[in-house]
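Hi,

Here is the structure I promised to pass on. Have a look at it first, and then read my notes below.

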Amino acid sequence: MAMSQAANLLEKVLGHGDNAVTEQNMSNPSRNPEKYGDPSGETMKALAWMGKNKVEMVETPKPKVIEDRDVILRVTGSTICGSDLHLYHGAIVELQKGDILGHEFCGRVDSMGSAVKNLKEGDRVVASFQISCGECMYCKKKLSSQCERTNSNTIENVMYGGRTAGMFGYSHFTGGFAGGQAEYVRVPYGDVNLLKLPDDVPDEKGLYLSDVLATSWNCVVDTGVKEGDVVAIWGAGPIGQMCAEMSFTNGAKRVIIIDGGPSAWRLDFVKSKLSKVETLNFTDLPRGTTVTSRLKEMEHGGPDVALECVAGEYAKGWAHYFELLLGFETDTSEIVNEMITSVKNFGRCGITGVYAGFTNHFNIGSLMERGIRLIGNGQAPVHLYWESLLQMIREGKTDPLAMVSHRVRVEEMDEVYRIFDARAENMQKVFVETKFSDKRAEGTPELTTFK
């Protein structure tokens with residue numbers, strides 16, 4: 001919390017860059033209701049960050065069109081992502097009390113600006129989690145996550161040597177945009193950041209084009225999984241699960257998925273959905289046996305490819321625990337080091353889990369001496385993949401419902417965060433309904449209530 005407040009203050013002192021072409025820091029219409037709130041006075045329910053490990057459902061003004069390429073959506077589906085937990089824990093800087101969270105959502109067009117010509121009121125659409133202008137160097141290549149014109153944050157630019165695109169519900173570090181864990185959401189550049197959903201793809205499937213499907217596909221193809229590869233995946237959450245499926249789709253011979261501790265049940269969950277996957281529970285390993293040594297027992301020389309689908313905020317050992325606690329690093333290197341030492345010489349390691357800043361004790365020697373390829377997969381460029389992934393859903397080549405364990409109400413999202421963070425209730429991936437949602441699609445989970 002203190003680090004986030006300090007970063008907010010520093011950003012205020014430094015000032016934003018002059019590159020953004022859309023309104024920044026509109027993370028909740030209540031911050032300026034006259035400017036950002038709908039003139040009707042209508043309000044909505046939304047999930048807001050209120051401090052470290054604290055979120056609340058709030059009543060806040062419905063957003064309005066403020067730029068001519070804006071689209072206002074009636075949200076019909078959203079979800080919670082593992083990367084939302086980094087916000088929940090305060091691991092991502094520049095959060096402000098009252099920020100509306102949520103970067104994965106779908107809905108129906110409620111209203112739009114005069115420059116939006118490819119949509120009409122009532123259209124069913126899914127949003128990409130990143131905000132693309134559609135016109136800059138990266139957007140012209142559909143590398144939408146790296147848009148040059150939707151995030152003017154200075155600290156990110158200094159830390160990373162460049163900025164990512166603006167992102168929904170993901171702190172002022174990525175532009176300060178209100179998220180979609182709400183009943184309405186404003187989508188800047190809605191003419192390029194919304195994809196129409198056909199009638200044969202219900203919200204319960206189409207929603208996941210917003211992030212998890214594109215992120216998993218990007219992880220697999222960007223790291224170069226190919227025919228005959230043996231792939232090890234760290235993390236059996238939704239991203240890890242879909243990476244396993246998509247590795248097989250791309251020709252992998254074997255897929256081994258690694259997890260443990262309070263998340264160990266996820267190994268059985270994934271195995272129940274994808275029988276040919278192999279599992280490794282690190283908490284069951286005998287003394288003296290490591291993840292690396294067990295993988296080399298399972299496959300001569302180790303796997304060809306390692307995929308990181310966890311994130312850097314979860315320390316396994318005491319040294320990194322205290323270094324994270326005291327602010328000596330922002331991310332632990334433990335999982336990345338395990339990946340590097342586990343793969344075959346000249347193996348490939350892809351990082352998709354969120355890493356925010358800097359790490360200690362990185363095994364650069366093994367990386368260099370053994371010729372390991374370390375690939376930062378980056379925030380997945382959704383626009384590059386979502387049309388082809390939509391077609392894969394329609395053809396039955398991928399099934400996002402395999403990871404969906406629960407259907408919940410947006411009114412209970414504060415409790416859902418607590419459960420998801422605790423890895424409780426066998427909650428793998430949720431579909432969050434609102435008062436605007438369609439009738440539950442056949443074959444999808446029944447509604448679960450927690451309050």
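What follows is a walk through what turned up, from overall shape down to single residues.

First, a caveat: this is a predicted model, so please read everything here in that light.

Overall shape. The protein has 451 residues, and its radius of gyration of 21 Å agrees with the value near 22 Å that a compact globule of that length would have. Along the principal axes, the C-alpha trace spans about 65 × 50 × 45 Å. The secondary structure comes to 16 helices and 18 strands. Buried residues account for 59% of the chain, and the exposed surface is about 17800 Å², with carbon and sulfur atoms supplying 52% of that. If you take contacts between residues at least 6 apart in sequence, 74% of them join residues at least 24 apart.

Cores. Nonpolar side chains tend to be buried together in soluble globular proteins. Here, the largest nonpolar core has 70 residues, and Leu209, Leu213, Ile233, Leu307 and Leu389 have the most contacts inside it. Helix α15 (residues 382–394) gives the most to this core, namely seven residues. Apart from this core lies another one, of 19 residues, including Ala306, Ile335, Ile340 and Leu367. As for Leu389, leaving aside residues up to four places away in sequence, its contacts are Leu209, Leu213, Ala214, Trp217, Met246 and Thr398.

Strands. Both β15 and β9 are worth a click.

- β15 (residues 348–351) is covered on both faces: Arg348 and Gly350 are buried on one side, Cys349 and Ile351 on the other. β15 pairs in parallel with β14 (residues 305–308) over four bridges, where Leu307 stands opposite Gly350. That is the Leu307 listed above for its contacts in the largest core. Four bridges also join β15 to β16 (residues 373–376), again running parallel, and there Arg348 has Arg373 as its bridge partner.
- β9 (residues 184–187) is likewise covered on both faces, with Tyr184 and Arg186 buried on one side and Val185 and Val187 on the other. Its pairing with β3 (residues 71–78) is antiparallel, over four bridges; Arg74 has Tyr184 as its bridge partner.

There is also an open sheet of three strands, antiparallel, in the order β2-β1-β4. β2 and β4 (99–100) stand at the edges with a single partner strand each, so one side of each has no neighbour in the sheet. β1 and β4 are paired over two bridges, with Trp49 opposite Asp99.

Helix α16. Which residues of α16 (residues 413–421) are buried? They are Met413, Glu415, Val416, Tyr417, Ile419 and Phe420. These buried residues pack against β1 (43–51), β2 (54–61), α3 (82–88), α10 (265–273), β17 (406–409) and β18 (430–433). Two of those partners, β1 and β2, belong to the open sheet just described.

Backbone angles. Most residues other than glycine have a negative phi. A few here go the other way:

- Arg423, which follows α16, has a positive phi near 55°.
- Asn426 has a positive phi of about 50°. Asn426 is in the loop between α16 and β18 and counts as partly exposed, at 45% relative accessibility.
- Asn25 has a positive phi of about 60°. Asn25 sits in the loop between α1 (2–14) and α2 (33–36) and is partly exposed too, at 27% relative accessibility.

Cysteines. How many disulfides does a search of the whole structure find? Zero. Why do Cys219 and Cys243 not form one? Their sulfurs are 3.9 Å apart, and that is too far for a bond, given that the cut-off is 2.5 Å. Cys243 carries the closest cysteine sulfur to Cys219, and Cys219 is buried at 0% relative accessible area. For Cys81, the closest cysteine sulfur is in Cys309, 11 Å away, so a bond is ruled out there as well. Cys81 also counts as buried, at 10% relative accessibility.

That's the lot. Shout if anything is unclear.

Cheers

Definitions and conventions
Residues are numbered from 1 along each chain as its sequence is written. This is a predicted model: local features need pLDDT of at least 70, side-chain atom pairs count only at pLDDT 80 or more; totals for chains, interfaces and linings use all residues. Side-chain values use heavy atoms; hydrogens and water are left out. A nonpolar core is a set of buried Ala, Val, Leu, Ile, Met, Phe, Trp, Tyr and Cys residues joined through side-chain atoms within 4.5 Å. Buried means under 20% relative accessible area, exposed over 50%, partly exposed in between (1.4 Å probe, protein chains only). Contact means heavy atoms within 4.5 Å. The radius of gyration is taken over C-alpha atoms; the globule rule is 2.2 Å times the number of residues to the power 0.38. Accessible areas come from the Shrake-Rupley method with a 1.4 Å probe; for residues, only the protein chains shown count as cover. Two strands pair if DSSP finds at least two bridges between them.
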